[in-house]
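Reader: I am new to this structure, and I would like to understand how the words used to describe it are earned. Could you take me through them with care?

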Amino acid sequence: MAEYLENIWNSRYFWTHLAMADLRSKWRRSFFGILWSIIQPLGLTILLAIVFGRIFKTDIVKYAPYILSGIIVWDYISSTALGGSLAFVQADAYIKQSRHPLAIYTLRTALANLIVMAMASLSLIGWVLIVLPENFGSCWLAALLIFPIAGLICWPMATLLAYIGTRFRDLPHALGLILQALWFVSPIYFDAQIFRNGGLNALVDYNPIYHILQIVRAPLLQGQWPSLENFAYCAATFIVVSILAWQVGRRAEQKIIFYL
């Protein structure tokens, strides 16, 4: 494994170039360019905040950052999962011509999406500073951990999906359904207390998505440090998906080229 990671590091100029190329192509000939990474989640947040604010009789201004944080993190997870499932298929020309570690093609996806999430997070920080200035403090430093934590979890997840998706081409289509189901059973847009009030504590307490979101929400929205439980679930999720990706990759890496 150490040798495999070393080969990934040695290929860093290649996969960073691919990630930057993905970002350039994403907004090519667009007037606003990378600003769309801020405009899109903000627009959706305003719409959902108005609707949910009236349904749940909550303060729209203060509920909006909760929704925005969910949109930003969830968009990263879902887009990296979908992009990862297609990573090897879309990089088949590179794979057939070079012997780089296959994991660099999912790292490319995870890195590009991480940059988009970082840009989108600027709107969240600005909004919270305006409507919840009392939460500002040293605990905000913990919110920065969302980037390495989300990246470390989603990279092996995307790699695992890439191995499976190359062999079974229906996976990207099935992921749309799976991600939609996860959206409904996770406190992404809906307050976690709604699940608890309905007796669905398990969908919060044992849901890795909730604990990942808490890395951002606890400091910014509650003015608190994330709990040890939040970090423990994030670490456990990383370990599980990494082991699965490594085990599947060991058996499938040499066969992938035959499935392309």
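Author: What follows takes several descriptive words in turn and sets each against the value behind it. The model is a predicted one.

Reader: Why are α9 and α14 called roughly parallel?

Author: Helix α9, which covers residues 146–167, packs against helix α14, residues 228–252, at an angle of about 30°, and their axes are 8 Å apart. Angles under 35 degrees count as roughly parallel, and therefore α9 is described as roughly parallel to α14. The crossing of α9 and α14 is, in addition, left-handed.

Reader: Which residues of α9 and α14 meet, and how do they divide into nonpolar, polar and charged?

Author: On the side of α9 the residues are Ile149, Leu152, Ile153, Pro156, Met157, Thr159, Leu160 and Tyr163, and they meet Phe231, Cys234, Thr237, Phe238, Val241, Ser242, Leu244, Ala245, Val248, Gly249 and Ala252 of α14. Divided by class, the residues of this contact are 15 nonpolar and four polar, with no charged residue.

Reader: How do you know that the length of α9 agrees with its number of residues?

Author: At 1.5 Å a residue, the 22 residues of α9 should span 32 Å, and because the C-alpha atoms at its ends are 31 Å apart, the two values agree. For α14, which has 25 residues, the distance from the first C-alpha to the last is 36 Å, close to the 36 Å expected at 1.5 Å a residue.

Reader: What makes α9 largely enclosed by the rest of the structure?

Author: A residue counts as buried under 20% relative accessible area. In α9, 17 of the 22 residues are buried, so this helix is largely enclosed by the rest of the structure.

Reader: Which residues of α14 are buried, and what covers them?

Author: The buried residues in α14 are Asn230, Cys234, Thr237, Val241, Ser242, Ala245, Gly249 and Ala252. What covers the buried residues of α14 includes α9, α13 and α15, the last of these being residues 256–259.

Reader: Why is phenylalanine 238 called partly exposed?

Author: Phenylalanine 238, which has its place in helix α14, has a relative accessible area of 32%. Partly exposed residues are those between the buried limit of 20% and the exposed limit of 50%, and phenylalanine 238 is therefore called partly exposed. Leaving aside neighbours within four places in sequence, phenylalanine 238 is in contact with Leu152, Ile153 and Pro156. Measuring from C-alpha to C-alpha, phenylalanine 238 and isoleucine 164 are 18 Å apart in space and 74 residues apart in sequence.

Reader: How do you know whether serine 227 is buried, partly exposed or exposed?

Author: Serine 227 lies in the loop between α13, residues 208–222, and α14. Its relative accessibility is 31%, and so serine 227 counts as partly exposed.

Reader: What makes α4 roughly antiparallel to α7, and what is its relation to α13?

Author: α4 and helix α7, the latter covering residues 103–131, pack at an angle of about 175°, with their axes 9 Å apart. Angles over 145 degrees count as roughly antiparallel, which means that α4 is roughly antiparallel to α7. The residues of the contact of α4 with α7 divide into 15 nonpolar, ten polar and one charged. With α13, by contrast, α4 packs at an angle of about 135°, and the axes are 10 Å apart. That angle makes α4 oblique to α13. The contact is made by Pro65, Tyr66, Ser69, Gly70, Val73 and Trp74 of α4, together with Ile209, Ile212, Leu213, Val216, Arg217 and Leu221 of α13. By class, these are nine nonpolar, two polar and one charged residues.

Reader: Why are threonine 80 and isoleucine 77 called buried?

Author: Threonine 80 lies in helix α4, residues 60–85, and isoleucine 77 lies in helix α4 as well. The limit for buried is under 20%; threonine 80 has a relative accessible area of 0% and is therefore buried, while isoleucine 77, at 9% relative accessibility, counts as buried too. Not counting residues up to four places away in sequence, threonine 80 touches Thr109, Ala110, Asn113, Cys154 and Ala158. Isoleucine 77, with its neighbours within four places left aside, is in contact with Cys154 and Met157.

Notes: Residues numbered from 1 in each chain as written. Predicted model: local features only at pLDDT ≥ 70, side-chain atom pairs only at ≥ 80, totals over all residues. Heavy atoms only, no water. Axes fitted to C-alpha atoms, helices over the stretch in contact; angles between N-to-C directions. Helix = DSSP H or I, 4+ residues; strand = E, 2+ residues; numbered from the N terminus. Parallel < 35°, antiparallel > 145°, perpendicular 65-115°, else oblique. Left-handed = near helix turned anticlockwise from the far one by under 90°. Contact = heavy atoms within 4.5 Å. Nonpolar A, V, L, I, M, F, W, Y, C, P; charged D, E, K, R; others polar. Expected span 1.5 Å × (residues − 1). Buried < 20%, exposed > 50% of the residue type's maximum accessible area, 1.4 Å probe, protein only.
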